[in-house]
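Grab a pencil and work through a few short exercises. Each one comes with a solution in steps.

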Amino acid sequence: MINRRTILLGGAAGAVIVAGGGLLFWRTSGDIPEGSFEITRSEEEWRDILTEEEFAVLREEATEPPFSSPLNAETREGIFTCAGCGQDVYSSRTKFKSGTGWPSFTDNLPGAVGTKPDRKLIVERTEVHCSRCGGHLGHIFDDGPPPTGKRHCLNGVALDFRPQEV
């Protein structure tokens, strides 16, 4: 829902609200992290394989609205993968209920993600992306539970879930 705070923050950050697929996305004018990735595609190729919402988040660093992802309530054992390239990025064993409205994890799978400083808002944050394709997944904050004290706050639209057979 757009309110006065959203408009003020949007103006301060130079962000725009983009409607797509019935959802509102907070979009900043971000770039995918520099560097070479195992999987690289042109913008047109990414648009052909991703939904509009996935493209906005993974390739343009948008943020889905809180409480909009079914993965926020996912409690089965399994692996969360990058929706852009299918790489395993997070285990359900590190998922926790943060109450923020986005799927949250205390840690990623080894080597699965990279980070970079994100200075698009007033406060610097740590952006997290898939190490295989560079797709934007979300941000990491220092307010998570033990054992890491980290909260990997991710966009559900940037993830797919693969349940594990028990």
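## Exercise 1: a pair of strands and its sheet

Strand S3 covers residues 78-82, and it pairs with S4 in the antiparallel sense over three bridges. Keep in mind that this is a predicted model.

**Task.** Work out which residue of S4 stands opposite Thr 81, in what order the strands of the open sheet run, and which strands stand at its edges.

**Solution.**
- Step 1: Start from Thr 81 and look across to S4, where you'll meet Asp 88.
- Step 2: Follow the hairpin of S3 and S4, with its five residues between the strands; Gly 86 takes a positive phi there, near 85 degrees.
- Step 3: Now add the third strand: the order is S4-S3-S11, with antiparallel pairing.
- Step 4: S4 (88-91) and S11 (159-163) each have a single partner strand, so these two stand at the edges, and one side of each lacks a neighbour in the sheet.
- Step 5: For the twist, neighbouring strands in this sheet are turned by 30 degrees against each other on average, ignoring direction.

## Exercise 2: cysteines without a bond

**Task.** Find out how many disulfides the structure holds, and why Cys 85 and Cys 133 don't form one.

**Solution.**
- Step 1: Recall that a disulfide is a covalent bond joining the sulfur atoms of two cysteines.
- Step 2: The cut-off you need is a pair of cysteine sulfur atoms within 2.5 Å.
- Step 3: For Cys 85, the closest cysteine sulfur belongs to Cys 130 and is 3.6 Å away, which is too far for a bond.
- Step 4: For Cys 133, the closest cysteine sulfur is in Cys 82, and at 3.7 Å this is also too far for a bond.
- Step 5: The count for the structure is zero disulfides.
- Step 6: As for their surroundings, Cys 85 is buried at 15% relative accessible area, and Cys 133 is buried at 2%.

## Exercise 3: backbone oddities in the loops

**Task.** Decide whether Glu 61 and Phe 67 are buried or exposed, then say where Pro 147 is placed.

**Solution.**
- Step 1: Glu 61 is in the loop between helix H3 (52-60) and S3, and Phe 67 is in the loop between H3 and S3 too.
- Step 2: Neither is a glycine, yet phi is positive: near 60 degrees for Glu 61 and about 65 degrees for Phe 67.
- Step 3: Buried means under 20% and exposed means over 50%. With 4%, Glu 61 is buried; with 59%, Phe 67 is exposed.
- Step 4: Pro 147 is in the loop between strand S9 (136-141) and strand S10 (151-154). A cis peptide bond links Pro 147 to Pro 146, with omega at about 10 degrees.

Definitions and conventions:
Residues numbered from 1 in each chain as written. Predicted model: local features only at pLDDT ≥ 70, side-chain atom pairs only at ≥ 80, totals over all residues. Heavy atoms only, no water. Pairing = 2+ DSSP bridges. Helix = DSSP H or I, 4+ residues; strand = E, 2+ residues; numbered from the N terminus. Axes fitted to C-alpha atoms, helices over the stretch in contact; angles between N-to-C directions. Buried < 20%, exposed > 50% of the residue type's maximum accessible area, 1.4 Å probe, protein only.
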